[in-house]
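Please open the structure in your viewer and keep the selection tool at hand. This tour goes from one stop to the next, saying what to select and what can be found there.

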Protein chains: 4
Amino acid sequence: MTLAPDLTQKLQDSFAKQSMMETFGASLSYLAHGNIEISAPILEICQQQHGFGHAALTFGIGDSAAGYAALSVMPLEAEVLTSEMKIHLLAPAKGDILLAKGRVIKPGRRLVIVESQVFAVENGVSTQVALMTGTMVPVTPK
Amino acid sequence: MTLAPDLTQKLQDSFAKQSMMETFGASLSYLAHGNIEISAPILEICQQQHGFGHAALTFGIGDSAAGYAALSVMPLEAEVLTSEMKIHLLAPAKGDILLAKGRVIKPGRRLVIVESQVFAVENGVSTQVALMTGTMVPVTPK
Amino acid sequence: MTLAPDLTQKLQDSFAKQSMMETFGASLSYLAHGNIEISAPILEICQQQHGFGHAALTFGIGDSAAGYAALSVMPLEAEVLTSEMKIHLLAPAKGDILLAKGRVIKPGRRLVIVESQVFAVENGVSTQVALMTGTMVPVTPK
Amino acid sequence: MTLAPDLTQKLQDSFAKQSMMETFGASLSYLAHGNIEISAPILEICQQQHGFGHAALTFGIGDSAAGYAALSVMPLEAEVLTSEMKIHLLAPAKGDILLAKGRVIKPGRRLVIVESQVFAVENGVSTQVALMTGTMVPVTPK
């Protein structure tokens, strides 16, 4: 389901304020109701000791994709924070680009259960590198 | 228990190869057998939309502290990878510096169970911002 | 993929030795390579304070379904133990029967990443009550 | 901090309504503000295939101890449900008695972060068999 223009704008504005995403070179690549994708190149400044993408990068875009998925099903004035998140790292983040697909498992007024799957794309071949499940909580902006 | 000089050297060499840690401005601030600390300033390039430290930063240094804690109790030739990690975000990462304290919960030949606690220090006052538990697996370097 | 007869026998023998499963009134209801299902009635002796199925029941059959899914992709002499498991409880376990569907996310020699989904069936309507992800480790029988 | 008599009564009444706890032979063995202990024998009807306590038993009393710890810091009319829980199984549940110690990590109006440690006692020697962290949510009784 396509996202309403004002919700799309809200998510894009929020994303633009995250300097960490800019450092990662990440971008919001797909927005729909309950489904958000974020992609990022595996930059030389974001690697671990073997030259693969760092778990902080994988976690960071996976967590953000899940958070924005939660935000996409909530009222326009809402904001969310991650309360907890578990990540299974399934394969090295090896390749050119990482793609995180966040989705809502169970919406709710007090908490939203989310999932994220992160893929590494190398020479056009996509491999799942992470599976995440977590809990997002709505917060009232001050 | 103090870490043997060759193990200390190994951890410092590995840490220096992680470009993500350099991007975070992070440093290995304490090394002992089964206990490793990593500290990092909350840089302007590592923030979320409200100006606090990004969860990717908190996760990144917490995960690394836990991983090096696991490495510190293993044979000199060993390497480890994070298999899974759960993070509870307890408070906003607000302040000047983040400090991650990783420790080994249960050592093992096939897997090492670890914990990490991350604190934000603001004007000398320390607040716990994250609690993490996870599984590290030894890998044979190629 | 159908399970080989000797593997089927092995799983059934192991299941029969779990007195907890007998107490739950649980049974192995489906066996295939990497996919195992366990069903159990919500007995009066397995409830929580509001008369719904207890989380211990939901966790117990979900964990076992995941463990047997892992076992189904391993050599005949192998045994597995749960190392860690996270459960999201999505809805009350309300109804007549619980059905746990375990599957292998990522097989491996040293550890197997698994998922389990648990459903409550009430008057023929199925509702997902839990989502679990975890880590199974092979053990050498003594 | 000792628990007020009406809160103590409330927890005992709730515990008594959980038929699963009676099946486990479990009892509330310690109650204080934010700290609750539950003990249970390892009954013959609650074992896994090697004759040790089943993970469902370990999870069940650990989860309940954490849930009652959360309830002990909330208003008298509150009730809680487990939203999610991660368990690390550190050693086989071998011995005569299991003891679960639940405590509140971070209280809150909308969610309470909790921890539980479960120990097996064999011939007077106590071994930690599980470490759990999770999220409890207040619910309004119908």
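Before selecting anything, keep in mind that this is a predicted model.

**Stop one: the chains as copies**

Begin by colouring the model by chain, and then look at chain A together with chain B. Chain B is superposed on chain A by a rotation of 180°, with 0.0 Å of shift along the axis and an RMSD of 0.0 Å. To find where chain B comes up to this axis, select Lys86(B), whose C-alpha is the one in chain B nearest the axis, at 2.0 Å from it. The two copies use the same surface, since 100% of the contact residues of chain B recur in chain A.

Now turn to chain D and chain B, where a rotation of 180° with 0.0 Å of shift along its axis superposes chain D on chain B, again with an RMSD of 0.0 Å. This is the relation of a two-fold axis. Here too the same surface serves both copies, and 100% of the contact residues of chain D recur in chain B.

**Stop two: the cysteines**

Which cysteine sulfur is nearest to that of Cys46(A)? Over all chains, the structure holds zero disulfides. Select Cys46(A), which is in no disulfide, and you will find that its nearest cysteine sulfur belongs to Cys46(B), 9.0 Å away. Seen from the other side, Cys46(B) is likewise in no disulfide, and the sulfur of Cys46(A) is the nearest one to it, at 9.0 Å. Because its relative accessibility is 0%, Cys46(A) counts as buried, and Cys46(B), at 0% relative accessibility, counts as buried as well.

**Stop three: a hairpin in chain C**

Next, show chain C as a cartoon and select residues 27-32, which form strand S1, and residues 35-41, which form strand S2. These two strands of chain C run antiparallel and are joined by five bridges. To see one pairing in detail, select Leu31(C), whose bridge partner in S2(C) is Ile36(C). The hairpin of S1(C) and S2(C) has two residues between the strands, and Gly34(C) takes a positive phi near 80° there.

**Stop four: pairs of aromatic rings**

Over all chains, the structure holds six aromatic pairs. For one of them, select Phe15(B) and Tyr68(B), whose ring centres are 6.1 Å apart and whose planes meet at 50°, so the pair is tilted. This pair links distant parts of the chain, for Phe15(B) is in helix H1 (residues 5-16) of chain B and Tyr68(B) is in helix H3 (residues 55-72) of chain B, 53 residues apart. Are these two rings buried or exposed? Phe15(B) counts as buried because its relative accessibility is 9%, and Tyr68(B) counts as buried at 4%.

Then select Phe59(C) and Phe59(D), whose ring centres lie 4.1 Å apart with their planes at 0°, so this pair is stacked. Phe59(C) lies in helix H3 (residues 55-71) of chain C and Phe59(D) in helix H3 (residues 55-71) of chain D, and therefore the pair joins two chains. Phe59(C) is buried, with a relative accessible area of 0%, and Phe59(D) is buried too, with a relative accessible area of 0%.

**Stop five: a charge over a ring**

Finally, select Lys101(A) and Phe119(A), and look at how the charged end of Lys101(A) sits over the ring of Phe119(A), 5.4 Å from the ring's centre. In chain D, Lys101(D) lies over the face of Phe119(D), at 5.4 Å from the ring centre.

Key
Residues numbered from 1 in each chain as written. Chains lettered and ligands numbered in written order. Predicted model: local features only at pLDDT ≥ 70, side-chain atom pairs only at ≥ 80, totals over all residues. Heavy atoms only, no water. Disulfide = S-S within 2.5 Å. Buried < 20%, exposed > 50% of the residue type's maximum accessible area, 1.4 Å probe, protein only. Pairing = 2+ DSSP bridges. Helix = DSSP H or I, 4+ residues; strand = E, 2+ residues; numbered from the N terminus. Phe/Tyr/Trp six-rings, centres within 6.5 Å; stacked < 30°, edge-to-face > 60°. Lys NZ or Arg CZ within 6 Å of the ring centre and 35° of its normal. Least-squares fit on C-alpha atoms with pLDDT ≥ 70 in both. Contact = heavy atoms within 4.5 Å.
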